[in-house]
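This report goes through one protein model, from its strands to its empty spaces. Keep the sequence and the 3D view at hand while reading.

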Amino acid sequence: MKRSEINTIIAQADDFIASFGFRLPPFAYWSPAEMQARKGEIGGITSARLGWDITDYGDGDFEKMGLFLFTTRNGVLSELEKKGGGMCYAEKIMISRENQISPMHRHIFKTEDIINRGGATLAIEMFESDAEGNLDPHADVPVACDGIPRILKAGDVLELSPGESVTLRPGNWHKFWGAGGDVLIGEVSAVNDDLTDNVFTQPIGRFAQVEEDVDPTHLLVSDYEAWGLLAK
């Protein structure tokens, strides 16, 4: 993806998010220079990879296959093992454009609530895992929608209207897109680790390859290492 495209997507996404009354934290609007100047105090932001995240999954066609994300909070994996404590949760705000695919994947350890926060219908195609963790084309898929148990058939498309949600557990394969328009999506989950916890059915990557045709308006979480913002 070109950096100029990423800058445009960030501006459009900020407007779309604000139109629903959702406000991003102040650090969302810091310039790269300001982040570098405050390097000594923002380790909690950069180490948790909070911030802007735009991906085409390495496919090169964001409109066809892609996702906008902003991670607002995220805990520490090691604290999941502690009894009774620690920051064991994460939160994201995302935008799935109309017919823009977030490709079929599952998580190894993360349980997540996916919430339609507003806009059009969120469509989620679902499958269950077999004993080896591979996509099972035949098994039923048990989920909970706003706390109510449901059993989906393999390949069923779950449609969530604004305000509705689904709880996805490790092993639930899912692919989603906006149906009938763009969708603002909330994600509340266990600690998020996008470096190791995403398993795709396709040979794709989680992050975009960026072509630096202009300067970044704001850094992506995938930029932090190159900009020297991660602790050694």
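Helices (H or I, at least four residues) and strands (E, at least two) are DSSP runs, numbered from the N terminus. With that naming, arginine 49 can be placed in the loop between helix H3 (43-46) and S1. The model described here is predicted.

## Two loop residues with positive phi

Arginine 49 is not a glycine, yet its phi is positive, at about 55 degrees. Is this residue buried, partly exposed or exposed? The relative accessibility of arginine 49 is 24%, so it counts as partly exposed, since buried means under 20% and exposed over 50%.

Tyrosine 57 also has a positive phi, near 55 degrees, and is a residue other than glycine. Its place is the loop between S1 and S2. Tyrosine 57 has a relative accessible area of 5%, so it is buried.

## Strands S1 and S2

Strand S1 covers residues 51-55, and 5 of its 5 residues are buried. How many bridges join S1 to strand S2? There are 5 bridges between S1 and S2 (residues 67-74), and the two strands run antiparallel. One bridge partnership sets aspartate 53 against leucine 69 in S2.

## Strands S3, S5 and S10

Isoleucine 93 belongs to strand S3. Its relative accessibility is 1%, so isoleucine 93 counts as buried. Valine 210 is 117 residues from isoleucine 93 along the chain, and the C-alpha atoms of the two are separated by 22 Å.

Strand S10 (residues 165-168) is covered on both faces. Ser165 and Thr167 lie on one side, Val166 and Leu168 on the other, and all of them are buried. S10 is joined to S5 by 4 bridges, and this pair runs antiparallel. Within it, threonine 167 in S10 stands opposite aspartate 113.

## Aromatic rings

The structure contains 6 aromatic pairs. How are the rings of phenylalanine 16 and phenylalanine 20 set against each other? Their centres are 5.1 Å apart and their planes stand at 75 degrees, so the pair is edge-to-face; the cut-off for that class is over 60 degrees. Phenylalanine 20 has a relative accessibility of 36%, and therefore counts as partly exposed.

One aromatic cluster is made up of Phe27, Trp30, Trp52, Phe68 and Phe70. Elsewhere in the chain, a charged side chain meets a ring: arginine 206 lies over the face of phenylalanine 207, at 4.8 Å from the ring centre.

## Cavities

Rolling a probe the size of a water molecule over the atoms shows where empty space is left. The structure has 2 cavities of 30 Å³ or more. The largest cavity has a volume of about 150 Å³. Its lining consists of 18 residues, and those closest to the centre are Leu67, Leu69, His105, Glu187 and Asn198. Which elements give two or more residues to this lining? They are S2, strand S3 (89-96), strand S4 (102-107), strand S5 (112-129), strand S11 (173-190) and strand S12 (198-200). Sorted by class, the lining of the largest cavity has 7 nonpolar, 5 polar and 6 charged residues. Leucine 69, the bridge partner of aspartate 53, is among the residues closest to the centre of this cavity.

The second largest cavity holds about 40 Å³ of space. Phe27, Ala28, Trp30, Met35, Gly51, Trp52, Phe70, His218, Leu219 and Tyr224 line this cavity. By class, these are 8 nonpolar and 2 polar residues, with no charged residues. Members of the aromatic cluster, including Phe27 and Trp30, therefore appear in this lining as well.

## The largest pocket

A pocket, unlike a cavity, is an open set of points. What is the volume of the largest pocket? It is about 270 Å³. Of the 17 residues that line this pocket, Ser47, Ala48, Arg49, Asn74 and Asn192 lie nearest its centre. S1 and S2 are the elements that give two or more residues to the lining. The classes here are 7 nonpolar, 6 polar and 4 charged residues.

Arginine 49 thus links two parts of this report: it has a positive phi, and it is one of the residues nearest the centre of the largest pocket.

Terms used: Residues numbered from 1 in each chain as written. Predicted model: local features only at pLDDT ≥ 70, side-chain atom pairs only at ≥ 80, totals over all residues. Heavy atoms only, no water. Phe/Tyr/Trp six-rings, centres within 6.5 Å; stacked < 30°, edge-to-face > 60°. Buried < 20%, exposed > 50% of the residue type's maximum accessible area, 1.4 Å probe, protein only. Lys NZ or Arg CZ within 6 Å of the ring centre and 35° of its normal. Pairing = 2+ DSSP bridges. 1 Å grid on protein atoms, 1.4 Å probe; cavity = no way out; pocket = protein on both sides within 12 Å on 5 of 7 lines; lining within 4 Å. Points joined across faces, edges and corners; volume = space filled by probe spheres on them. Nonpolar A, V, L, I, M, F, W, Y, C, P; charged D, E, K, R; others polar.
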